[in-house]
Amino acid sequence: MFSRIKPFFSCNSALTNRAFSERSPLDPQTSSRPIIENPQDDAIYFEKGNIKEIGTKISSKIYKRIAVMTGAGISVNAGIPDFRTPVTGLYAQIQEEGLPLPCPEAVFDINFFKTNPEPFYRIGPKLVTVNKKPTLTHYFIKLLEQKGLLFMYYTQNIDGLEIKVGLSTNKLVQAHGNVNNAHCTSCKKEYPIARLREHMLEKKPAFCDCGGVVKPDVVFFGENLPTNYHSKAELIVFADLLLVIGTGLTVFPFASLAEMVSYDTPRIVINKGGLNSFIQNGFKFESESKRDVFFDGDCDEIISEIVKAAMWDEDLQRLMESKN
């Protein structure tokens, strides 16, 4: 269970101590799947942990319930900035603009937003993703579904690009909401998304007929995660393989999903950056059992190599062409 729930965005102790929700997901020890006593001898673990072995095991359908966790890194190649990368990240851009904020993350604080929505709408154009196209990684996740291997897809992303590749909603958990719907923060009435996008592009706050300020259905500081997250987070204990792509697992409670899988479930991480945050989350990349494997680099490039090793190149190409 979560010993401490951290919010989506944080910049100081006042924000970090505010939880999204008090509900704790199911303890991974309650999984009905047995723990392997000698994992190094079992086919689900990795002998070498390289691209070829992973691609072969996936295409051989050794894993039949693959859970995927993603973050902003999978959408960078779509032209959508992540949050924390120096210079190019959204927070760095906010700081560069000199908006009247106590810290860049405060632009996503619900109480700050209700009293002063101007800074959020000033960055509005950066959050409108209606014209952005999915990346190769998005299509790979859809391909897993087509192959009957995708168990559940959990994402921190709010851009909705997984919808554009046709991912089934029953497989999807948008843990931090999305920018494709909007509601009034006061009366909760739904607001036309096309009109909201116009306001965001014009950098002008949108208001409801009741006078309340409108925002997209993105989870802000001080708000609970969607009920969809809580109801489906518990299912991850039944995954037989976990792919963590484009996220450093620094945001809680989302990051805790990686700890909720059964102890005999292999975990593959594909992300740019160091290992520290993963090690803090219990990953053991140096273990002899080769349960955890890490690939440092561009998500699309590494996924492309896995697809080739799985001999799914043509399948992925057909899928991408059918959606374009």
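Is Cys184 buried or exposed? Cys184 is buried, at 2% relative accessibility (buried is under 20% relative accessible area, exposed over 50%, partly exposed in between, with a 1.4 Å probe and protein chains only).

A note before the views: this is a predicted model, where local features need pLDDT of at least 70 and side-chain atom pairs count only at pLDDT 80 or more, while totals for chains, interfaces and linings use all residues. Residues are numbered from 1 along each chain as its sequence is written, and side-chain values use heavy atoms, with hydrogens and water left out.

**View 1. The four annotated cysteines.** An unreviewed UniProt entry marks Cys184, Cys187, Cys208 and Cys210 as "binding site" (positions follow the numbering used here, feature names are shortened, and annotations may be inferred rather than shown by experiment). They're spread over 27 residues of sequence, yet they cluster in space, with a largest C-alpha distance of 8.6 Å.

**View 2. Cys184 and Cys210.** Cys184 sits in strand S4 (residues 177–184), and Cys210 in the loop between helix H9 (193–202) and strand S5 (214–218); helices (H or I, at least four residues) and strands (E, at least two) are DSSP runs, numbered from the N terminus. Cys210 is partly exposed, with a relative accessible area of 45%. Leaving aside neighbours within four places in sequence, Cys210 is in contact (heavy atoms within 4.5 Å) with Cys184, Ser186 and Cys187.

**View 3. The largest nonpolar core.** This one has 38 residues, where a core is a set of buried Ala, Val, Leu, Ile, Met, Phe, Trp, Tyr and Cys residues joined through side-chain atoms within 4.5 Å. Helix H7 (residues 136–146) chips in the largest share, 6 residues. Leu243, one of those with the most contacts inside the core, touches Phe140, Leu144 and Ile268, among others.

**View 4. The largest pocket.** Here you get about 820 Å³ of space. A pocket is an open set of points on a 1 Å grid over the protein atoms alone, where a 1.4 Å probe fits, with protein on both sides within 12 Å along at least five of seven lines; lining residues have an atom within 4 Å of a point. Grid points are joined across faces, edges and corners, and the volume is the space filled by probe spheres set on the points. Of the 38 lining residues, Ala72, Gly73, Asp82, Phe83 and Gly246 are the closest to the centre.
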